[in-house]
Amino acid sequence: MTSTQIRAGRFEPGEFRPRVRLAERQDLDELVRLERTCYRGVYAEHRWEREQFAYYVRNPKARIAVCRRGSQYCGYVTGVFSHRARSTTAALLSLAVAPPCRHRGIGAALLRWFEARSREEGCVSIDLEVAVVRRSARRLYERCGFEPIAIRADYYGPGDDAVRMRKTL
Ligand SMILES: CC(C)(COP(=O)(O)OP(=O)(O)OC[C@H]1O[C@@H](n2cnc3c(N)ncnc32)[C@H](O)[C@@H]1OP(=O)(O)O)[C@@H](O)C(=O)NCCC(=O)NCCS
């Protein structure tokens, strides 16, 4: 499949703008580096390793996009599509933006990219889980049209609940 590029984020005129495109094998090392930067502390144990990124890069039912600003990797999004008897749904598995690149609309741009791919796949909705404590991520998802549909107790560990959210496309 050819890679798709869209412009990302809110930047001043003339600034070097980031772009979102499909990830490839040569992005794996940088994806692992990004993951280590984005998930620290208690969430370090939930980080994806190289093998997981590699699996999703080659899986035809999955998509990973990276956001780059020149040679700098700013963030990524990944998800899978599931075709059931009656409908096709997408599951957003992970979204992360490097700390120095946050609050500039890159997270929202990565979400838009994944939504566009989900529509192309004929999906009728996108589901995701996000830790209750991740307020910035939850606000981003709500702003982008996701609604909370359930609480998953102890999803990330004892006392660390997740909210299941859904967006109908
Ligand atoms: C959640 C996450 C992906 C958001 O990425 P981001 O690039 O900062 O997202 P956005 O910039 O689109 O939106 C984040 C905030 O920046 C604000 N913002 C966006 N563009 C802005 C701009 N040009 N100027 C000022 N603020 C801006 C948004 O309004 C939003 O504010 P809020 O948090 O107060 O609601 C990022 O914080 C992250 O990687 N966190 C750790 C991993 C994680 O929690 N992942 C989600 C779990 S699956």
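Helices (H or I, at least four residues) and strands (E, at least two) are DSSP runs, numbered from the N terminus. The structure is a predicted model in which local features need pLDDT of at least 70 and side-chain atom pairs count only at pLDDT 80 or more, while totals for chains, interfaces and linings use all residues. Residues are numbered from 1 along each chain as its sequence is written, and side-chain values use heavy atoms, with hydrogens and water left out.

**Exercise 1. Place Ser118 in the fold and state whether Ser118 is buried or exposed.**

Step 1. Ser118 belongs to helix 3, which runs over residues 106-120.

Step 2. Buried means under 20% relative accessible area, exposed over 50%, and partly exposed in between (1.4 Å probe, protein chains only). Ser118 is buried because its relative accessibility is 0%.

Step 3. Contact means heavy atoms within 4.5 Å. With neighbours within four places in sequence left aside, Ser118 is in contact with Phe81, Ala90, Cys123, Ile126 and Leu169.

**Exercise 2. Describe the surroundings of Gly107.**

Step 1. Gly107 lies in helix 3. Its relative accessible area is 12%, so Gly107 is buried.

Step 2. Leaving aside neighbours within four places in sequence, the contacts of Gly107 are Leu95, Val97 and Leu140.

Step 3. Val77 is 30 residues from Gly107 along the chain, and their C-alpha atoms are separated by 8.5 Å.

**Exercise 3. Which elements and residues surround the ligand?**

Step 1. A residue is near a molecule if one of its heavy atoms lies within 4 Å of it. There are 19 residues around the ligand, of which Arg10, Leu95, Val97, His103 and Gly105 come nearest.

Step 2. Strand 5 (88-97), helix 3 and helix 4 (135-143) each supply at least two residues of this shell. Helix 4 gives the most, with six residues.

Step 3. For polar contacts, the criterion is a pair of N or O atoms within 3.5 Å; within protein, one must be able to donate a hydrogen and the other to accept it, and residues adjacent in sequence count only if both atoms are side-chain atoms. Oxygen atoms of the ligand lie 2.8 Å from a polar side-chain atom of Arg139, 3.1 Å from one of Ser136 and 3.4 Å from a side-chain N or O atom of Arg102.

Step 4. On its own the ligand has 940 Å² of accessible area, and the protein covers 79% of this; the areas come from the Shrake-Rupley method with a 1.4 Å probe.

**Exercise 4. Where is Asp127, and which side chain makes a polar contact with that of Asp127?**

Step 1. Asp127 is part of strand 6, residues 125-131. Asp127 counts as buried because its relative accessibility is 9%.

Step 2. The polar contact joins the side chains of Asp127 and Arg164 at 3.0 Å.

Step 3. Not counting residues up to four places away in sequence, Asp127 touches Ala90, Ala91, Leu92, Arg164, Met165 and Arg166.

**Exercise 5. How far apart are Ala137 and Ser118 in space?**

Step 1. Ala137 is in helix 4. A relative accessible area of 22% makes Ala137 partly exposed.

Step 2. From C-alpha to C-alpha, Ala137 and Ser118 are 20 Å apart, with their positions 19 residues apart in sequence.
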